[in-house]
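Welcome, and take a moment to turn the model around before reading on. The paragraphs below walk through it one part at a time.

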Amino acid sequence: MTIKENDFRKIDLNLLIAFAVLYREQSVSAAADKLHLGQPAVSGVLSRLRTLFDDPLFIRSGHKMQPTARASELHSELLPLLEQLQSALFQQAAFDAQTAKATLTLGMADWVEIWLMPKLIPALMQHAPGIRLNVVASDPFSDATRLEGGEMDMAVSVAVGGPRWLEREVLTTMPFATLWHPQQLTLSAPLDVQTFAAQRHLMVSYREASSSHFDTLLAKSGYQRQIHYTTPHFAALPGLLETMPALATVPAGLADEWQRTRGLMRSPLPLDAEPIEVAMLWHQRHSSDPAVMWLKTFIAALIV
């Protein structure tokens, strides 16, 4: 149905609310009390209603105002619409995860996906079988732009700071761990900084950098390492470590998985590097989206 805007030019929603109250109370003074208005103001509203609908609407009979046939017809048509409007404006529908159907787009780096999704997907299948996740590759440098552009509903990221509209909730704090394959390097954990610096290194960089914060920390200690290979994909590292004598430093949550499934050895990073905060990011406009907010709460509870 196409709305004809000109038909509504004379309509004031407050008139319709007053009409509904007048019909229920059948008294100008009682309606004035319910509407928190003076009796003269409600009498003025009634006059406008009569002009609008070209009908007396209410006829005084004793102490009551009896509705006309036109008033009864209007009331039966308008009351359900007003109740529906009230519900749409002021009562957000409860979100039922068991029955909800929704597709949500999450942005994350590949290492976050490897770490998070084996936990999240089985839990979602059990508690919210109608929620479908669409994961897209993102990085901390582009998360805010893509959230603002509507490309993602939420990101799980190590990004810190951002625009005022960006909401952020920390999931966990994670240190770094250094990995190698025992068939390629015979090393004992924990590594000292001298042994760490002496090895070849594989490095992940989202912006084709040739060094990282770890190299700055090494330089402060008087050491320098050799970056033998850089890639934007953490997922490439286990296969490379199986075939070459090198170290790779990754978030500890990823190291847990690869130590268990790929037979890698690990050591705490022998540098004074601050742990990273893994956080959920979303645009403020999604703070009223029941599906996004439910998923945010669900992920937070899962990671605790």
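**Domains, a sheet and two empty spaces**

Taken over C-alpha atoms, the centres of domain 1 and domain 2 lie 47 Å apart. Keep in mind as you look that this is a predicted model. The domain assignment divides the protein chain into domain 1 (5-90), domain 2 (102-171 + 277-303) and domain 3 (176-274). Domain 2 is thus written as two stretches, 102-171 and 277-303.

Let us turn next to a sheet. Five strands come together in an open sheet with mixed pairing, and their order is β9-β8-β10-β7-β11. At the edges you will find β9 (226-231) and β11 (265-268), each of which pairs on one side only. Ignoring direction, neighbouring strands in this sheet are turned against each other by 30 degrees on average. As a general point, the strands of a sheet pair through backbone hydrogen bonds, either parallel or antiparallel. Here, β8 and β10 pair in the parallel sense, over 2 bridges. To see one such contact, look for L202, whose bridge partner in β10 is A248. Helix α10, made of residues 252-262, lies across β7 (176-180), β10 and β11, and α10 runs at about 120 degrees to β10.

Now for the empty spaces. Rolling a probe the size of a water molecule over the atoms shows where such space is left. The largest pocket has a volume of about 730 Å³. It is lined by 26 residues, and those closest to its centre are F176, V204, Y206, S212 and F214. Which elements give two or more residues to this lining? They are β8 (200-204), α8 (213-220) and β10 (247-251), with β10 giving the most, at 4 residues. By residue type, the pocket lining divides into 19 nonpolar, 5 polar and 2 charged. The lining also draws at least three residues from each of domain 2 and domain 3.

There is also 1 cavity of 30 Å³ or more, and its volume is about 50 Å³. Among the residues lining this cavity are M108, W111, D139, D143, V158 and Y206. The elements that give two or more residues to the cavity lining are α5 (110-127) and β5 (154-157). The residues around the cavity divide into 8 nonpolar, 2 polar and 2 charged. Y206 makes a handy landmark to finish on: it is one of the residues closest to the centre of the largest pocket, and it also lines the largest cavity.

Definitions and conventions: Residues numbered from 1 in each chain as written. Predicted model: local features only at pLDDT ≥ 70, side-chain atom pairs only at ≥ 80, totals over all residues. Heavy atoms only, no water. 1 Å grid on protein atoms, 1.4 Å probe; cavity = no way out; pocket = protein on both sides within 12 Å on 5 of 7 lines; lining within 4 Å. Points joined across faces, edges and corners; volume = space filled by probe spheres on them. Nonpolar A, V, L, I, M, F, W, Y, C, P; charged D, E, K, R; others polar. Domains from an automatic or database assignment. Pairing = 2+ DSSP bridges. Axes fitted to C-alpha atoms, helices over the stretch in contact; angles between N-to-C directions. Contact = heavy atoms within 4.5 Å.
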